[in-house]
Amino acid sequence: MSFVNYHTKEVNCKIVYYGPGLGGKTTNIQYVYAKTGNANQNEIIKLNTENERTLFFDFLPLELGEIRGFKTRFHLYTVPGQVFYEASRKLILRGVDGIVFVADSQLEKMEANIESLKGLEKNLIEQGYDIDKIPLVMQWNKRDLPNVTPIEDMQQQLNKWNVPSFQAIATDGDGVFDTLKMISKLVLMNLKGEFQPRPTL
Amino acid sequence: MSNGSLQKGIESFLNNSKNENHLVFEHTLFVCRNDGLIIYFHSSNNLVNKNSVGALVGGLWQAGKTVVDLFGNQKSKDGFRLSFDTTDTGLHILPFDVKRTEYFMGLHFNRAVNPALVKNRMKTLMQRMKVEISQMSLEEVERATDNNLFNNITDEEINDLFSFAEN
């Protein structure tokens, strides 16, 4: 989606929060929305099922200030995490500039994390992207819960690209902005082609 | 028209077309890219968030097209259009291409006396706009290629962008 308009001095970028169901993707952008208050004057859009699960996507347009004279606008999307909605996930990845993979740290969720990550790789390829080249940040969410997978194991099993990763408790906001700032930085750097393909481990 | 941006060109064309197309402009008219990015937005309702409209329309079109594709690639010489409406209120979307990128012109009409006529006028307006922008040079609207644009962006600059989060 990245769109740089030199005439109006605007930059628009699309960031997608991806990950397994109930991992905390929506909670991430809900927290961001809560922090923007009325200053942003943008509403969060949720296309949910009756039981509050994401049906198609959540959307938060985030109008930030200026950077180097350019007005910066990030469009944050989440995908539906449930396995059933694979077709929707593919659509939402179209035009993506950066991805936050929100992993659920609970031990019993590791298989779902791996499955979702495989799906991400596959869907990116289908949309013409290479996961080695697109800006990607990992978030290890729900670190406050008992029975979580050690960080070293999360890294080993889910972060073979060795991309930046952050621990998070999205319900409290911990790690939410650290993650968003990092992906934003990588996306902006990638706009000019500075971001280099990551070496695989 | 030359050396103008796509956005500027579309704005200029549509704003200059208001008088002769009041049937269309008394409703909400917008143009967005296929990924939802709003290029033009005209509405008398200031409460509507244009970015949300773009995102939803982009998703709506993609979903509709994907469903149709599931049944096999059914091409029509007229191309597809998308409507979600009642007899007097609703949404009508028409696609067009610029440099191989798909854009949409969308119309939200409310209590239209003759919706078919409004849609027809919108279609004519879009066709005229396509001719106009086909004559434009679009070099000002493109993916960033300026190597100095965000060179060596710092953590401080990113922190400044997100300073609202500190409150």
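How much area does chain B expose, and what share of it do carbon and sulfur atoms supply? The exposed area of chain B is about 9,300 Å², and carbon and sulfur atoms supply 47% of it. The model on display is a predicted one, and this tour proceeds from chain B to chain A and to a link between the two.

**Chain B as a whole**

Select chain B and colour it by secondary structure. Five helices and six strands should appear, following the order α-α-β-β-α-β-β-β-α-β-α along the sequence. Chain B has 167 residues, of which 44% count as buried. Among its contacts with a separation of 6 or more, 57% are between residues 24 or more positions apart.

**A nonpolar patch on chain B**

Next, select Val67(B), Leu70(B) and Phe71(B). These residues form a nonpolar patch on the surface, and their accessible area together is about 370 Å². Val67(B) belongs to helix α3 of chain B, residues 50-70. Is Val67(B) buried or partly exposed? Its relative accessibility is 44%, so Val67(B) counts as partly exposed.

**A buried pair in chain B**

Display the side chains of Arg33(B) and Asp35(B). They meet in a salt bridge, with 2.9 Å from N to O. Both Asp35(B) and Arg33(B) are buried.

**Two sides of a helix in chain A**

Move to chain A and select helix α4, residues 151-158, where Ile151(A), Met154(A) and Leu158(A) are buried. They lie on the same side of α4(A), because the arc they cover around the axis is only 60°. In general, residues three or four places apart in an α-helix point the same way, because there are 3.6 residues a turn. Glu152(A) and Gln156(A), on the other side of α4(A), are exposed. To see what the buried residues of α4(A) pack against, add β6 (98-104), α3 (110-126), β7 (136-141) and β8 (165-167) of chain A.

**Salt bridges in chain A and between chains**

Over all chains, the whole structure contains 13 salt bridges. For one of them, select Arg73(A) and Glu63(A), whose side chains meet at 3.5 Å, N to O. Arg73(A) lies in strand β5 (residues 70-78) and Glu63(A) in strand β4 (residues 54-67) of chain A, so the pair ties together parts that are ten residues apart in sequence. Arg73(A) is buried, with a relative accessible area of 9%, whereas Glu63(A) is partly exposed at 28%. Add Glu10(A) to the selection: Glu10(A), Glu63(A) and Arg73(A) are linked in a network of salt bridges.

Then select Arg68(A) and Glu157(B), whose side chains form a salt bridge of 2.7 Å, N to O. This pair crosses between chains, from the loop between β4 and β5 of chain A, which holds Arg68(A), to helix α5 (residues 155-161) of chain B, which holds Glu157(B). Arg68(A) is partly exposed, with a relative accessible area of 32%.

**The nonpolar cores**

Finally, select Leu76(A), Leu180(A) and Leu188(A). Within the largest nonpolar core, which has 37 residues, these three touch the most other members. At least two residues of this core come from each of β2 (10-18), α1 (25-36), β4, β5, β6 and α5 (176-191) of chain A, and from α5 of chain B. The largest share, nine residues, is supplied by α5(A). Beyond its neighbours within four places in sequence, Leu76(A) is in contact with residues including Ile15(A), Ile29(A), Phe59(A) and Leu180(A). A second, separate core has 30 residues, among them Phe56(A), Leu91(A), Ala103(A) and Ile134(A).

Definitions and conventions:
Residues numbered from 1 in each chain as written. Chains lettered and ligands numbered in written order. Predicted model: local features only at pLDDT ≥ 70, side-chain atom pairs only at ≥ 80, totals over all residues. Heavy atoms only, no water. Helix = DSSP H or I, 4+ residues; strand = E, 2+ residues; numbered from the N terminus. Buried < 20%, exposed > 50% of the residue type's maximum accessible area, 1.4 Å probe, protein only. Contact = heavy atoms within 4.5 Å. Areas by Shrake-Rupley, 256 points an atom, 1.4 Å probe, with all protein chains shown as cover. Patch = residues over 30% accessible without salt bridge, like charges linked within 9 Å, V, L, I, M, F, W, Y side chains within 5 Å. Salt bridge = Lys/Arg side-chain N within 4 Å of Asp/Glu carboxyl O. Arc of directions from axis to C-beta. Core = buried A, V, L, I, M, F, W, Y, C linked by side-chain atoms within 4.5 Å.
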